[in-house]
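Visitor: Could you take me through one part of this model up close? I would like to see how a pair of helices sits together, and how far I can trust the picture.

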Amino acid sequence: MKKITYIGMLAGALLVSSITSCTKDFLQEPAQGALGDEVLANRAGVEKLLIGSYGVLDGVVGVGNPWESSPDNWIYGSVAGGDAHKGSDGGDQPAIDPIAKFIADGSNGFFNSRWRTLYDGVTTANSVLALLARTEGIPETDQKNLAGQARFLRGHYYFELKKLFNMVPWIDENTTDFNQPNDQDIWPMIEADFQFAYDNLPPAQSDVGRANKWAAGAYLAKTYMYQQKFNEAKAIYDVVIPQGQTSNGLKYGLTERFKDNFDAATENNKESVFAVQMVSGDGTNTIANANNGWMLNYPYGNSPFRCCGFYQPTQELVNSYRTTTAGLPVIDGYNQQPVKNDMGVSSAADFVPDAGRLDPRLDWTVGRRGLPYHDWGYHPGASWIRLQSYGGPYAPKKNIYWQSTQDQHSDQSSWAPGNAINVLIIRFADVLLMAAEAEAQVGSLAKAQEYVNLVRARAASEESWLHDYEDPSDPLAGFSDDPAANYVISVYPAGHFSGLGKEAALRAIYFERKLELAMEGHRFFDLVRWGIAEETLNAYFQYESTITTDIRGGRFVSGKNEYYPIPNFQIDLSVIDGTPMLQQNPNYN
Amino acid sequence: MSACAVRISMLSVLLSLAVSPAFASSLIQKQIVGKITDEQGQPLPGVSINIKGSTQGTSSNETGTYSINASPSDILVFKSLGYATVERSVGNESEVNVQLKTDVQSLEQIVVTGYATQRKKDLTGAVSVVDVSEMTQQPVGQVTSQLQGRASGVTILGGGQPGEAPQIRIRGINTFGNNSPLFVVDGVPTTNINDLNPNDIETMQVLKDAGAASIYGSRAANGVITITTKSGKGKIKVNYDAFYGVQTVQQGNVWDILTPQEMADLQWMAKRNTDPDVTPSDDLYGSGERPVLPDYIAPKGLMEGDPGVNPDLYNVNPFYTSPSDADAFYRISRANKEGTDWFHEIFSNAPTTSHNVQVSGSSDAAQYLFSMNYLNQQGTLINTYLKRYSLRSNTNFNVNERIRVGENISFSVMENPTVDARTEGSAIGMALRQQPIIPVRDIMGNYAGSFGGIGNAQNPVAIQERRGNNKGLARRLFGNVFAEVDVIDNLTFRTSFGGELWSGNYRSFAYPTYENAENTGTNSYSENSNHGYNWTWTNTLQYKQVFNEIHDLTLIAGTEGYRNTGGDVGGQTFGYFSFDPDFTNLGTGSGTQTNFSNRYVDALFSYFGRVDYIFKDRYLFGATLRRDGSSRFLKEQFGWFPAVSAGWRLSEESFMSDLDWLNDLKVRVGYGVMGNQLNVDPANAFTTYGSDRQQTFYDIGGTGNTIVEGFKRNRVGNPDAIWEKNINSNIGFDATMFGGKLNITADYYRKDIDDLLYNPALSATAGQATVPFVNVAAMKNSGIDIAASTFFDVTSDLKLDLTGTFTTYNNEIVSVSQSADYFDQEGRRFNGSTIVRNQLGHSVGQFFGYQIEGFWDSQEEIDAAGSGYQNDVAVGRFRYADTDGDGQVTPDDRVFLGNPNPDFSYGLNIGATYKQFDFGIFLYGVVGNDLWNNVKWWHDFYSSFGGAKSKTALYDSWRPDNLNAKAPIQETAGSFSSANVPNSYFVEKGSYLRAKNAQLGYTFSPSLLEGIKVDRLRIYVQAANLFTITNYSGLDPEVSGGTTNFGIDEGTYPSQRQFLFGVNLTF
């Protein structure tokens, strides 16, 4: 009995003490499936972090829905700029409606998503720079290249923040307190980043997706243009335009065919100054890297695209492509010669498209009833449109993949399509048109016209036109030599801009920019930059409200709507002792 | 042998002499014999039988029989722990058979608390003891669902889906994360009892305050539910319990959906309201003054006789394998002009079956119990069900007088396909949206749908039928082995090693669709499995001694180690040549293959001790202390969790002894600290970098089809996280009155959660890595729990008993983060504003948005308010309240619109027996909560997608001749002033009263059964969810959800009425 007692007590004591002694080890559990930063502190690790920062370019970082931070700003630049309607129907993505009508406030979750995504880009670029600074043994040229790319990317993310929100806090690789005020103009810092990249990046890169010296130069000039620093911009353009080349070593130029800018099969061409590289069939079985931000922007109804009928070009935009007998744009009064549409006409009923003079770029920008929609067949009108009375009769086109190459360039692994068409952040036509502005402002109108005419000449080349199908019953059989519409377009005759004078020449350049870059996310920011947003957009609301119901009541208010509101939640997150560090933009509550 | 031990041995000899019959008087006595049984007719051994007022007594043997000498004037008192005491006068009887009823209210009842057992009357903590036999009558699979309304202080929110584990809240909401209590089953902690067979449960108690629960320190903050499973008693016996029942689906137009013609009329109305000058037209309904229903919806809008509906044109291959094949499809579907009732296309009556066999018994050397259960609860929704097979073996061997070893092991296998109810993508969400003009099938029997833009919902029948071959099987082994050694008298060492080992595998096939407006063109097969185990090793030493008959002392000290590890693995392949379920596996597809895996590991180590001291049966004192270490923390892994509690049995005091009606009154107070670390990710302490193919990879080479690996910081670490503390005070009383006929337990509590571990959003400028949990938040809860029971005999045959519970909690958020004092959830389809705001000073989960003041009835009204008053203003739309009075409706005018937390909930069980009949009904109610009826967003606004609409939209929306409308003017576009922002239109009162269960049973008299060797036979009929009284307009007022976002109804899986027949057989 006694023996058992003691054995029992001893055993108990041993058990307890043996567990106690190993408790420390018992509770040590490292993180699973992840790395500490010490593993990355070398050339290869910094490189991986840099790729991670490029990875933010497509806007997919797990924040909100992908379309809320699409890298082409189709909502904030094109829908808000009057290029397009939100589309779909009235209850779908209702957060976009107030953005389109300029009645959105800082509680709108889309702004928060865009803001968060862009600052994630800033953070990833900063982490490259921070790790680079404390990693030894990287050759100087590599260091410069890595740092140059990181600063280029950071410059891009801040450029986006700046043009969307204006007053934003500056965070760099040395910032330790992330709660910084938005009380300073960050243009100088953005300039510094692009200047560093321009000075340090090589003219060609091992991978076409990387930023090079010339992309940095073009972006630096664009940064100047947004500040009306036309002399500085012109100086850069004077170098970039004649000398610039793409990362894969192609001398900058316009592609022979306008449409090649919008086809995955012909991308990374000589016109692609800097682009977000998109893929399809990348092995993820998702469309996260396949233009996820565009997934809503395909024709609907019984179209072969399945979803979702967003991003429908406006009648006002379509009318802009009307040309004069001389093949020049109708800069004033284009809405008085509206392009015929198929509103209220069912797909079963007959419809004859507009027979008037048009700029051929219209039909690579807008899908309209009765014209070839790439190689998918004639756009059938209403049956591909969700609600004509709400979003209008048109479909987008620059983001649409081709039927013949859909297996390579589209990705059907989600509920809406993905595709491999790059998002063009800057293409050479954009560079030329900005350079034209700079010339018109501080240089020569003749030079400005020369730049504009380069762009128009490409559009006017018959190679750039849309042609009818060889065999209408088999759209895949190719195109005939018959133009799909009555295209009448020519370059400006010699001395035209000089004859117009600076102001009118600028208006012609602005209009050219609208025609060339429509639906590419630039329009709203250009209008603000030019200081003509109020007059232009309020006229647009007045005209377009007679066509569709979606934007009725829209009104741009000067002194307020030039910039979007700082997301309310971010302001609330910046509160210290009851006082927010971030200040709301003027005239937003 | 120690001197102490000798004294105790001698004492026990004396005691045993005292109760031996040799000392009893034996005047004019006769022998009385009899049998004592429990409620199930099982013989009860060990029942003490005493003659009232004397020391004479005996106890029942293994077969439940006894014999005693007594005189006719004597009264026999039958007593057994856990049973209500019964008194019978002898009279002329020579045989006195007694049935004892379990009595949870019995003060002598043994209650399982933390690492100990206590008599109920000795409790100083707040403990709800559940009447298990009443509870388990509810014919549902989950014990946790059955618990609803059965224990005060416990709020349970569930739903009608088989196998859906409900949300359990013990005394309010303690965290923004996982709020589930800790379950301790036969001493083994676990967070999951979904597979526990309710028939195996012997006792269940809810430890609610720190005094009772804080011995479980680290994991006690959400409350603790201790469960013991049954063991064998007495002679070998077999119980067979079975029921079969049918759940019946509610009838009628449950969502109040318009007919197809009315749908067309509504469209015309909305179009006219939006564009008065335009003649409405639609490719389905034509153009003109009145819409005309077509004969065909595919091709859209065609009439009978049109060449386009020639069946020869039909071309649909439902099993197409290339996305582009669908481009050539030619669909022909007739319009269902009568209207398809989508609810009843996916919901239908469904059977439930349960069979339970239990074999048990005991001898001096061992107790044993073996049980098996088969439960098959078919869901009323197509292809949802819970099939569960469970086995249990509990044994206990008395190796010798001082050593006992045993095990409790259960093994379960479950199949439980479910749907994500309350979300728009589920079959239920689609059924409420799919237009009634769409038939289920097209002219060739393939699925019909919204193709061509007849709304954009999916065919809900197709969704559920396509899931028919999706299979999943979850397995779990749960239990422990233990040994107890009485080291010396009064000192017991116990070691228990237990835990769980689980795995599950699931496979599903995603078919391409062709019938919907938005189709999926690909097919894919997915398979995944999860696996893991955890173990808990507990060692305790318990010393229990009564000194001088007035000092009752119990001391317990122990250690506990816990380690949990597991992970999951899975893959997906696209592109199958054939969809034959016998063909598809991860290897047989031609398309891209993906795979994934994850794993986790975490550990806890603890020391604990407890003291219970009772002086003179009158003054009770308890103290517990636990020190816990967690692997989830890095710098300070250990925390202290103390608690003290005290009780005073006033009724033992002389000044109360005059109160004859008061049998027992005890007041209790308790104070202590409980901990929580459940929500903290095991990797929380570390800043880590990682890759993600979807986010950090990039096609840097511009290939168009290949992505290159990139890294990114994916987690911000917080090495400084420490224990969350739940500081808890409780005051309460237990009273027994009128000879035990009325029992009341009531408690008031207050809980302050400090250092609450929460991961508030970081400023975007910090990047998008996973945010760490930091000790930043705080919350408080207070409330009242009351449980009362009474029983009385109406006549000698008709006996009634009533049990009621009453629960309140009042939750308040005290801190969210250092910057923003709120966080938002549930954007749904609104414009980026959210439905739920969890804000400082308010309860968790409150609804937030614009307060509707009425409609804008005229342009004059709008002009009077001023053009800047409200965005998107138009006649017939909502007028919002300018709550801050600045003359404009801005985001700052949003207010709290409702609270999904109830004022109180209650349960009432009424039981009656009349001769061989028994009857019981259980009512459960919730009062004072609000619900967010998001179904209205789809149904009451024409602009909210082209789906099915409600009668409200057509008949009770604003019109110039209907100013006193429910819904606003119907238009083709949504707006800020109608349905684009969360507003008070969607908030409804959620109170309800439901008859959860009603049962009528008949027990055959033992004399009838003797011949067939049956001890007991009872048959019963039962109705679950017999009626519900509520003003809520949705399908079911019981709307569950997450911890901080619940009560949002976007298509619930309703609890259905159920009728059952059952049998209880013992032999």
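Guide: Happily! In this predicted model, look at chain A, where helix α3 (residues 43-54) packs with helix α7 (residues 140-165). Their axes are 10 Å apart and make an angle of about 20°. Angles under 35 degrees count as roughly parallel, so α3(A) is roughly parallel to α7(A). The crossing of α3(A) past α7(A) is left-handed.

Now for the side that each helix brings to the contact. From α3(A) come A:Arg43, A:Val46, A:Glu47, A:Leu50, A:Ser53 and A:Tyr54. They meet A:Asp142, A:Leu146, A:Gln149, A:Ala150, A:Leu153 and A:Tyr157 of α7(A). Sorted by class, this contact has seven nonpolar residues, along with two polar and three charged ones.

As for trust, chain A has a mean pLDDT of 94, with 96% of its residues at 70 or more. One stretch to treat with care is residues 4-10 of chain A, where pLDDT stays under 50. For that stretch the model has three contacts beyond four places in sequence. Where pLDDT is low, the predicted coordinates should not be read in detail.

Chain B averages a pLDDT of 91, and 97% of its residues score at least 70. Over residues 1-26 of chain B, though, the pLDDT is below 50, and this stretch has 12 contacts in the model beyond near neighbours in sequence. For the complex, the predictor gives an ipTM of 0.95 and a pTM of 0.91.

Technical notes. Residues numbered from 1 in each chain as written. Chains lettered and ligands numbered in written order. Predicted model: local features only at pLDDT ≥ 70, side-chain atom pairs only at ≥ 80, totals over all residues. Heavy atoms only, no water. pLDDT = per-residue confidence, 0-100. Contact = heavy atoms within 4.5 Å. Axes fitted to C-alpha atoms, helices over the stretch in contact; angles between N-to-C directions. Helix = DSSP H or I, 4+ residues; strand = E, 2+ residues; numbered from the N terminus. Parallel < 35°, antiparallel > 145°, perpendicular 65-115°, else oblique. Left-handed = near helix turned anticlockwise from the far one by under 90°. Nonpolar A, V, L, I, M, F, W, Y, C, P; charged D, E, K, R; others polar.
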